[in-house]
Amino acid sequence: MKRSLRIATLSALVIAAATTAYAQLKPEDAIRARQSIMRVVALNFGPLSAMAQDKIPYNKDLFVASATRLEAVWSMDASRFFVKGTDKPVAGSNIAGFTDVKPEIWNNPLKFKDAFDDNTAAIAKLAAAARSGDEAAMKSAVGGVGKACKGCHDDFKVK
Ligand code: HEC
């Protein structure tokens, strides 16, 4: 195959892959994406919550690293992956066979967006507190994030 043709074919494949990812995301891939982001969010929130409640000793480096990562992972915007029609597991797919969404997400999209934005704001506040290095402000900002997680889960996630 000629070099130029090879490059053209390769570009076409790359474009096709990108289009598949963003325009024709399979339901199981959307479910997997949002659950994966949530899991990594929780991995970073765990130590913050434990430190704020004195369940593990406060460690400034761990706190700042976790808050910074939490903000980065949340910025991946899991809301993109709550695609209409993905409220049921897809048999034989790559997901564990479950999704815990409530249909409320699509019946009340503005409320869902508010819950999402509340958490974005709470995480921004936490990250700012972490940058300030003020231990009391850092710990109290964790509570705001915990409330925002719970607020959304109460309304939009099956227990
Ligand atoms: C705007 C709503 C919303 C916010 C805010 C939110 N979540 Fe979620 N979360 C969901 C929904 C809905 C699901 C269920 C997704 C599914 O099963 O498809 C979920 C699922 C999860 C899961 C289970 C993932 C899995 O493997 O199935 C964890 C863990 C989680 N969230 C942690 C958190 C933490 C920690 C926070 C706060 C830092 C948070 N979530 C904030 C809506 C939210």
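**Entry 1. Surroundings of the ligand**

I began with the residues around the ligand in this predicted model. The shell holds 24 residues, and those that come nearest are Met 38, Arg 39, Cys 149, Cys 152 and His 153. I then asked where the ligand sits, and found it in the largest pocket. Helix 2, helix 5 (109–132) and helix 6 are the elements that each give two or more residues to the shell around the ligand.

**Entry 2. The iron atom**

Which residues coordinate the iron atom of the ligand? I found Met 38, through SD, and His 153, through NE2, at 2.1 to 2.5 Å. The pair links distant parts of the chain, for Met 38 belongs to helix 2 (residues 27–52) and His 153 to helix 6 (residues 135–156), with their positions 115 residues apart.

I next looked up the geometry. Six donor atoms surround the iron atom of the ligand, and the angles they subtend run from 87 to 178°, so the arrangement is octahedral. The rule for six donors asks that opposite donors be over 155 degrees apart and all others between 65 and 115.

I also checked the accessibility of the two coordinating residues. Met 38 has 28% relative accessibility and therefore counts as partly exposed. His 153 is also partly exposed, because its relative accessibility is 33%. The class runs between the limits of 20% and 50%.

**Entry 3. Polar contacts of the ligand**

I listed the N and O atoms of the protein that approach oxygen atoms of the ligand. In the side chain of Arg 34, an N or O atom is 2.8 Å from a ligand oxygen. For the side chain of Thr 99, the corresponding distance is 2.6 Å. With Asp 100 the backbone is involved: one of its N or O atoms lies 2.7 Å from an oxygen atom of the ligand.

Thr 99 received a second look. I located Thr 99 in the loop between helix 3 (60–74) and helix 4 (104–107). Is Thr 99 buried or exposed? Its relative accessible area is 12%, so Thr 99 is buried. The side chain of Thr 99 also makes a polar contact with the side chain of Arg 34, at 3.0 Å. Arg 34 and Thr 99 thus appear twice in my notes: each side chain has an atom at the stated distance from a ligand oxygen, and the two side chains contact one another.

**Entry 4. The fold as a whole**

I counted six helices and zero strands in the protein. Read from the N terminus, the order of elements is α-α-α-α-α-α. Of the 159 residues, 30% count as buried.

One position in helix 6 was noted separately, namely Val 145. Val 145 is buried, because its relative accessible area is 1%. Its C-alpha atom is separated by 9.4 Å from that of Ala 124, and the two residues are 21 residues apart along the chain.

**Entry 5. Positive phi angles**

Lastly I looked up backbone angles in two loops. Asp 54 has a phi near 55°, a positive value in a residue other than glycine. Asp 54 is found in the loop between helix 2 and helix 3, and it is exposed because its relative accessible area is 58%.

Asp 77, likewise not a glycine, has a positive phi of about 60°. I placed Asp 77 in the loop between helix 3 and helix 4. With 26% relative accessibility, Asp 77 counts as partly exposed.

Key
Residues are numbered from 1 along each chain as its sequence is written. This is a predicted model: local features need pLDDT of at least 70, side-chain atom pairs count only at pLDDT 80 or more; totals for chains, interfaces and linings use all residues. Side-chain values use heavy atoms; hydrogens and water are left out. Donors are N, O and S atoms within 2.8 Å of the metal (3.2 Å for Na, K and Ca); water is not among the atoms, so sites may look incomplete. Four donors count as tetrahedral if all angles lie between 85 and 135 degrees; four count as square planar and six as octahedral if opposite donors are over 155 degrees apart and all others between 65 and 115; anything else is irregular. Helices (H or I, at least four residues) and strands (E, at least two) are DSSP runs, numbered from the N terminus. Buried means under 20% relative accessible area, exposed over 50%, partly exposed in between (1.4 Å probe, protein chains only). A residue is near a molecule or strand if one of its heavy atoms lies within 4 Å of it. A polar contact is a pair of N or O atoms within 3.5 Å; within protein, one must be able to donate a hydrogen and the other to accept it, and residues adjacent in sequence count only if both atoms are side-chain atoms. On a 1 Å grid over the protein atoms alone, a cavity is a set of points where a 1.4 Å probe fits but cannot get out, and a pocket is an open set with protein on both sides within 12 Å along at least five of seven lines; lining residues have an atom within 4 Å of a point. A molecule sits in a cavity or pocket if more than half of its atoms lie within 2 Å of its grid points.
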